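Colleague: I am new to reading models of this kind, and I would like a close look at a single part rather than a tour of everything. Could you take one place where parts come together, describe it with care, and then set it among its surroundings?

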Amino acid sequence: MEHYNMNLTVKVWRQKNSKDKGGFVSYPVKDISSEMSFLEMIDVLNEQLIVDGAEPIAFDHDCREGICGQCSLYINGKPHGPWMANTTCQLHMRAFKDGDTIVVEPWRAGAFPVIKDLMVDRSAFDRIIQAGGYISVNTGNAVDGNSLPINKDHADASFAAAMCIGCGACVAACKNSSAMLFLSAKVAHLALLPQGEPERKSRVLNMVAQMDKEGFGACTNTGACEATCPKEISISNIARLNKEYIFSSLTAEK
Amino acid sequence: MLDAKIPAGSLDDKWTDYKGHCKLVNPANKRKLEVIVVGTGLAGASAAASLGELGYKVKAFCYQDSPRRAHSIAAQGGINAAKNYQNDGDSVFRLFYDTIKGGDYRAREANVHRLAEVSGNIIDQCVAQGVPFAREYGGLLSNRSFGGTQVQRTFYAAGQTGQQLLIGAYQALERQVALGNVKMYARHEMLEVVKIDDKARGIIARNLVSGELEKHFGHAVLLCTGGYGNVFYLSTNAMGCNVTAAWKAHKDGAAFANPCFTQIHPTCIPVSGDHQSKLTLMSESLRNDGRIWVPKKKADERKAIDIPEEERDYYLERRYPAFGNLVPRDVASRAAKERCDEGYGVGTSKQAVYLDFADAIVRYGKIEAGKEGNDHMSMEDIIVLGKEVVKEKYGNLFDMYEKITGENPYEFPMRIYPAVHYTMGGLWVDYELQTTVKGLYCLGEANFSDHGANRLGASALMQGLADGYFVVPYTLGNNLADDIYSKAIETSHPAFAAAEKVAADRIQKLMGIKGKQSVESFHKRLGKIIWDKCGMARNEKGLKEAIAEVQALKKEFWSDVRIPGEINEMNPELDKANRVADFIELGELMCIDALNRNESCGGHFREEYQTEEGEALRDDENYMYVAAWEYKAEHEWTLHKEPLVYDVVKPSQRSYK
Amino acid sequence: MTWKQVFTSSVGKKLVMGFTGIFLILFLVIHAGLNACIWANDGGKMFNSGAHFMGANVVPRILEIGLFAGLLLHIIQGIMLEVSNRSKRGVAYAKDFGNQGSKWYSRSMGILGILILLFLILHMTDFWFPNRSHQGFLLGEEIDLYAKMKETFATLWVVIVYVLGCLSLGYHLAHGFQSAFKTMGVHNKKYNQLLTSLGYCFSIVITLAFVMMPLSFYLGWLN
Ligand SMILES: Cc1cc2nc3c(=O)[nH]c(=O)nc-3n(C[C@H](O)[C@H](O)[C@H](O)COP(=O)(O)OP(=O)(O)OC[C@H]3O[C@@H](n4cnc5c(N)ncnc54)[C@H](O)[C@@H]3O)c2cc1C
Ligand code: HEM
Ligand code: SF4
Ligand code: FES
């Protein structure tokens, strides 16, 4: 892999707090190595801002290895930037070339209000999980792990859905700001396992109700979510959720 | 000062006896007792959920925007449990023994045995929660092997075991939030412990969004705030991992144990330049199939694939035939450092060794070909099949490697180098996980208890969940049973105001410095001192220098740091400054501890103390103790020793040959 | 879960769209089938007798009410859904995700729907209204629809509008067909692939069929 250095213009959304109106500011950044990660490039820019006496850009990040789901930048018109199946923190600067202008925005959705600059409030996701994204089993209630054989295909499909990192890129990408991919990943994860069976109906009904309450839009199957999801959560999970929903609402006694 | 409160009786019966005799709190009283849980990693989330289920009123805190993002999420490889599902001779005793031996005989027997005892329950609990562990075609749980053991006892979910376990605990936690038993405070950072009558009775936390300081009361406070690896600046820890909570507790009276016991993980992606902000682990599970080597010739400039087999030095297999590439982490890391220091390193920086999958690919390819009944398959086709198998096993790790380095690890061997990964040291706790401050508990990586001088792979997840699900629900009750008559204390109590003032003054002071250098630059310099002089190898001279350098750095920090922004707003630079200030103080103590321990054991390698073959040389006669440091004043600590008594295991020199 | 809760939830609303959409597709099949009779090249005999059956028999006339109800539901729900979904973003992006992740027509169902609606209004004023009013809205004699078509499709702009209307319908269906099945819960990838291909084929065939009608008259392919 050839390494190279580049000079860039970074156009960033700056917003002091949730009440501020906010707007774009452009910054030049120099001598960025192609080996840097995107967030390291922002680090460099922030160092420069601090030294210049300005306020650094606030953005969310933690693990910087694509698993915690905290990083959340909308880069050049795509959540998490140009690479497929990738998080912002895993994006590296070799995705760009000298002279590029990079536009960086926060996730945009009414249900994800901006806190500051590029940070948004995603606590709606936690409340959706609170509505039923779990299996009610108290500590100590469990039987032996191997007393419950699980079809490997189901276990694998369940795992594939459970890989969701709750980043919210699906919402950011969706023209309807729908959280269906996130929601469906959880519903599928639990519906595919025998442990999830007892609460299967109430789970999907309550979680959808909570999603609506939080102010996310309705899914229209455009597929933008799947295309941007860093964990390649399949949109077929949404159809599975629909099936669960129809079945549950038709047969729920209440 | 140190009473470990280890129950009497034989090792096998201690925990059972304890559970049978500990005091209980009846459900009506539990409702009146409030518990603060700081941290929502595996330890914190499991504790908060379990205590909520029991009926305590719990408040949980984390600095991330959601409890699901705690650093535990990043664990890749797996979690150990003595289930013996593979019929390969595992047992509670063997897991206990491996952990004690892996820790180079610096862990407490009783704690480790309890850990091994409850390990099986953890797997059961997680399966019941819907954690999608890897399974065999028959639908039963699958296992893999990990370093430092000869049985297959590691349960895993591809390369995302920590994520799946944490999501399980997080879901249990959110369920309790929904039921009203737990109140969750995300984007909150604990800054002070509040003590009333020498008991921990609450915390001061900063709301990171508004910048306000908040007072919270609890009958007990549980710190589950993870490890302090970020003292090295570069580590595999998440960017926000910090020692602040534990350090504030320490300065308020909680002893800090074995701070110099840090783990350097052998297989991480090497540093690529000065801009590097963190390091990425390549799971230990890769050592199951990957072979580690360097060229036999110094400064060999050829490409890896151009170096013929006989000119490669598979140094782990050469030095440790019995365990080969699966020796414990400290041993593997040191061996890599030794080769690189001798000039055999590879890559542009020469600070890397190869982790090669070519053999594994051929081996798996042949097995696949055999399954298809094709004995005459061409090598190319075999390799194609083999790559598929490797992809299925490690695909996400290989992808991660390629994203970071831009190199395809299916074609070229990975380049790896050791990096800071885990901290065995932490707040000193007794058998009940209570620190030297009454009412203040410490769980998970933040405590020192179970891993001695070196942790075996896949046992941190086990420990975090053991502490949270199966230990603290009993031990906390045993202590709170005496507290049922204590009413909740109003946060208008002067002790809260006093603690709040300490935090507020400190923030004020930091903001008032208005110097020239960024927080990050101080952190980098601290990291370099600690890595160079208190890292993989330490010596007296270096440590003494380091202590002086850290002290000087502290002065400079408090006079020249620049923190933009304001106090009463979201201010990530201020958050960082708070953390780095504590790391600097911790750095000094680490060096002091390393200097005190005139022996080599586990991850603590003092160059003065090694065998002729370069292995760690322990001094059981003089150092078979836990070094618990009590904070006295700036630059001043008192050492308390907790002697380690081995009733069952006979310490010997660790051998993996 | 009351029925109201079900059908006012986001998934429920979508279900309404899906079911009515499929219902409308079924109608399109019949409509296209009947209209294809113009190509029998018998001066409209076959077509007119079919149209007569549809217009003068009580069963299709009752079904027609259902059709209108379905269409109305589809339109009202569709517009409401579109408006509500558009309101969820808050601040718009400076740079749009665009076609990187989804097809333009899948994101434009509302606009395409409105185009179809406008077209439908024209289409109904051309044929349905004159015919029904001639019948006095009861099962009376209807007009010679074949002749009416011939007359209508003699004007170029009308033909162009019809072609555009049908194209909108085609794109609407290119997404709508497969989407409806996903909405109704078909998650098996094998079937989804099949339905997607089927959807594309159907959209193309239906669009072509309808486009050919005005063209056939205008270009004088029929005698
Ligand atoms: C890359 C990587 C891979 C690993 N792989 C494995 C593995 O395969 N197997 C294994 O067994 N172990 C592994 N480990 C180790 C293991 O993941 C950790 O030791 C373990 O998860 C720690 O859990 P914890 O609950 O103690 O702390 P953490 O998960 O670190 O959680 C700390 C919590 O405390 C909170 N917190 C911290 N400070 C404050 C504060 N001041 N105020 C408020 N909240 C605070 C945080 O928000 C967080 O919620 C790995 C570690 C790393 C870095
Ligand atoms: C004969 C005419 C029509 C047919 C056959 C038809 C068919 C369909 C189908 C099959 C769907 C997919 C439903 C789903 O995804 O579950 C759909 C969706 C939709 N239709 Fe129509 N439709 C027609 C007319 C209209 C009209 C006149 C409008 C007017 C506004 C409209 C607006 C919409 C909207 C907004 C959607 C939802 C968006 C989406 O699901 O992506 N449609 N239609
Ligand atoms: S479904 Fe994908 S994009 Fe959506 S929250 Fe989960 S990981 Fe992120
Ligand atoms: S910072 Fe954790 S996923 Fe990007």
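Modeller: Let us take the interface of domain 1 of chain B and domain 3 of chain B, across which nine salt bridges are found. Please keep in mind from the start that this is a predicted model. One salt bridge to look for in the structure joins Glu642(B) and Arg108(B), whose closest N and O atoms are 2.8 Å apart. Beside the salt bridges, the interface of these two domains has 26 residue pairs in polar contact, both residues of each pair being at pLDDT 80 or more. If you want to trace the side of domain 1 of chain B that touches domain 3 of chain B, the elements that each supply at least two residues are strand S6 (188–196), strand S7 (199–207), strand S8 (213–217), helix H7 (244–251) and strand S10 (256–257) of chain B. That side of domain 1 is made up of 26 nonpolar, 10 polar and 11 charged residues.

To place this interface within its chain, note that chain B is divided into domain 1 (42–263 + 423–483), domain 2 (265–420) and domain 3 (497–643). Domain 1 is thus written as two stretches of the chain, 42–263 and 423–483. Between the C-alpha centres of domain 1 of chain B and domain 3 of chain B there are 23 Å. The contact itself brings together 47 residues of domain 1 of chain B and 55 residues of domain 3 of chain B.

How is the extent of such a meeting expressed? The size of an interface is often given as the accessible area lost when the parts come together. For domain 1 of chain B and domain 3 of chain B, this buried area is about 4,200 Å², and carbon and sulfur atoms give 60% of it. Three residues deserve a second look here, for Arg106(B), Val231(B) and Tyr233(B) supply 17% of the area that domain 1 of chain B buries against domain 3 of chain B, more than any other three residues.

Chain B also holds many of the residues you will find around ligand 1. This ligand is surrounded by 37 residues, and the closest of them are Gln64(B), Ser72(B), Met190(B), Glu445(B) and Leu461(B). Of these names, Leu461(B) is worth finding again, since a backbone N or O atom of Leu461(B) lies 2.8 Å from an oxygen atom of ligand 1. A backbone N or O atom of Ala43(B) is placed 3.0 Å from an oxygen atom of the ligand, and for Cys224(B) the corresponding distance is 3.3 Å.

Now step outward from chain B to the chains around it. Two pairs of chains are in contact, and chains A and B share the most contacts. Here 74 residues of chain B meet 73 residues of chain A, and the area buried between the two chains is about 6,100 Å², 51% of it from carbon and sulfur atoms. Six salt bridges are found across this interface, and in one of the salt bridges the side chains of Lys83(B) and Asp144(A) come together at 3.0 Å, N to O. The interface of chain B and chain A also has 48 residue pairs in polar contact, again with both residues at pLDDT 80 or more. Several helices of chain B give two or more residues to the side that touches chain A, including helix H3 (42–54) and helix H6 (161–179), and H6(B) gives the most, with 10 residues. The side of chain B that touches chain A divides into 29 nonpolar, 25 polar and 20 charged residues.

Chain C does not touch chain B, for no contact joins them and their closest C-alpha atoms lie 19 Å apart. Chain C does meet chain A, in a contact that takes 38 residues from chain C and 49 residues from chain A. About 3,600 Å² is buried between chain C and chain A, 58% of it on carbon and sulfur atoms. The count of salt bridges between chain C and chain A is zero, while 23 residue pairs are in polar contact across their interface, both at pLDDT 80 or more.

Note on methods:
Residues are numbered from 1 along each chain as its sequence is written. Chains are lettered from A and ligands numbered from 1 in the order in which they are written. This is a predicted model: local features need pLDDT of at least 70, side-chain atom pairs count only at pLDDT 80 or more; totals for chains, interfaces and linings use all residues. Side-chain values use heavy atoms; hydrogens and water are left out. Contact means heavy atoms within 4.5 Å. Buried area is the accessible area (1.4 Å probe) that two parts lose on being put together, summed over both. A salt bridge is a side-chain nitrogen of Lys or Arg within 4 Å of a carboxyl oxygen of Asp or Glu. A polar contact is a pair of N or O atoms within 3.5 Å; within protein, one must be able to donate a hydrogen and the other to accept it, and residues adjacent in sequence count only if both atoms are side-chain atoms. Helices (H or I, at least four residues) and strands (E, at least two) are DSSP runs, numbered from the N terminus. Ala, Val, Leu, Ile, Met, Phe, Trp, Tyr, Cys and Pro count as nonpolar, Asp, Glu, Lys and Arg as charged, and the others, Gly among them, as polar. Domain bounds come from an automatic or database domain assignment. A residue is near a molecule or strand if one of its heavy atoms lies within 4 Å of it.
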